[in-house]
Amino acid sequence: MDIEGIKSFLAVAKTKSFSKAAELVHVTQPTLSIRISKLEEGLGFKLLKRNWQGVQLTKEGYYFLSFAIEFLQSIDNTALFLKEYVGEGKTSYEEVTNHKADRLYIGLDEWLAQICLDPILDILTNKYPNQNYKIMTKPSKAICDLVNYSGLHIGVMYHNEREVFYETTPLVLDGLVMLHSESLDLAPDQIEKLRSLKFILFDNPVLTYHSEATREIIGKLGITNFQIVNNVDVMFKTLLYGGCYTILPRSAVHGQLARSSYPLKVHDVRHMFSPAKICMAKRESELLKDVISDIEAALIDYFQTEYSR
């Protein structure tokens, strides 16, 4: 990603002016324009437009804005961490940043962490108590890329057909569920009523990774009214107020529903829509092959027994 291009875009979004934005990032206006043009070319869509009101964000620009801000914040936070901990706290700094050959690196999709942690931690705690490990949660696309680049030994994620360079083990074909408030009289076969209600759509990396599934749901139901959220807890709260529903992989809400007392109605709609594929990706490691194999077996057993009940 073009960092200077993103900084230039954010400067224009803030000032609503190319000349003021150029002053803000300390470059000439032609340089700023070139940076933004290159960023737009790389992204494949326009971020800004000019009209009688001046400079405005396109609809794609408005959508990209929050991700651009978060991206730069992540870069800044990482740089600050790497700079500040060289002195004080050096031991913890080195422990966090050092990529050790004997440390097991595990990545879990953010929506799958709640259901995958128990079988994984059971193996690590009871069978390999001395094993060093690092567990991180990220969207499936990031997990896929990290395994591709050998940044993870194990990745548990929603699978699609993108190019992979690692061994993949299918864990389960996860059926979809429809959720709505118990106060709402609704059934999956009430298509006309579903069309009249608002559908909760996730503005989330998981959503883009499953754009085909989302298109299938919207197409089959003819959905035109949307309520947009990017967090499962926000989704639950929104559902409780009624007048809306959503459809997700069961795994995305399995843990939350088991722990919460939300008065929500859950319908199994696996007969209506294609399932989500959950898989475990792994990188070969002679040093860690036993623990990787045992975690793989534990996950297969969990999804075939407990989760499938």
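These exercises cover salt bridges and side-chain exposure in a predicted model.

The model is predicted: local features need pLDDT of at least 70, side-chain atom pairs count only at pLDDT 80 or more, and totals for chains, interfaces and linings use all residues. Residues are numbered from 1 along each chain as its sequence is written, and side-chain values use heavy atoms, with hydrogens and water left out.

**Exercise 1.** State the salt-bridge rule and give the count.

*Solution.* Take a side-chain nitrogen of Lys or Arg within 4 Å of a carboxyl oxygen of Asp or Glu. The count is ten salt bridges.

**Exercise 2.** Locate the partners glutamate 4 and arginine 35.

*Solution.* Start with the contact: their side chains form a salt bridge at 3.4 Å, N to O. Next, place the partners. Glutamate 4 is in helix α1 (residues 3–15) and arginine 35 in helix α3 (residues 29–43); helices are DSSP runs of H or I, at least four residues, numbered from the N terminus. The two are 31 residues apart, so the pair links distant parts of the chain.

**Exercise 3.** Analyse the pair aspartate 145 and lysine 141.

*Solution.* The closest N and O atoms are 3.5 Å apart. Both residues lie in helix α7 (residues 140–148), four residues apart, about one turn of the helix. Now classify exposure: buried is under 20% relative accessible area, exposed over 50%, partly exposed in between (1.4 Å probe, protein chains only). Aspartate 145 has 22%, so it is partly exposed. Lysine 141 has 41%, so it is partly exposed.

**Exercise 4.** Classify aspartate 268 and arginine 270.

*Solution.* Their side chains meet in a salt bridge at 2.7 Å, N to O. Aspartate 268 is partly exposed at 37%. Arginine 270 is exposed at 54%.
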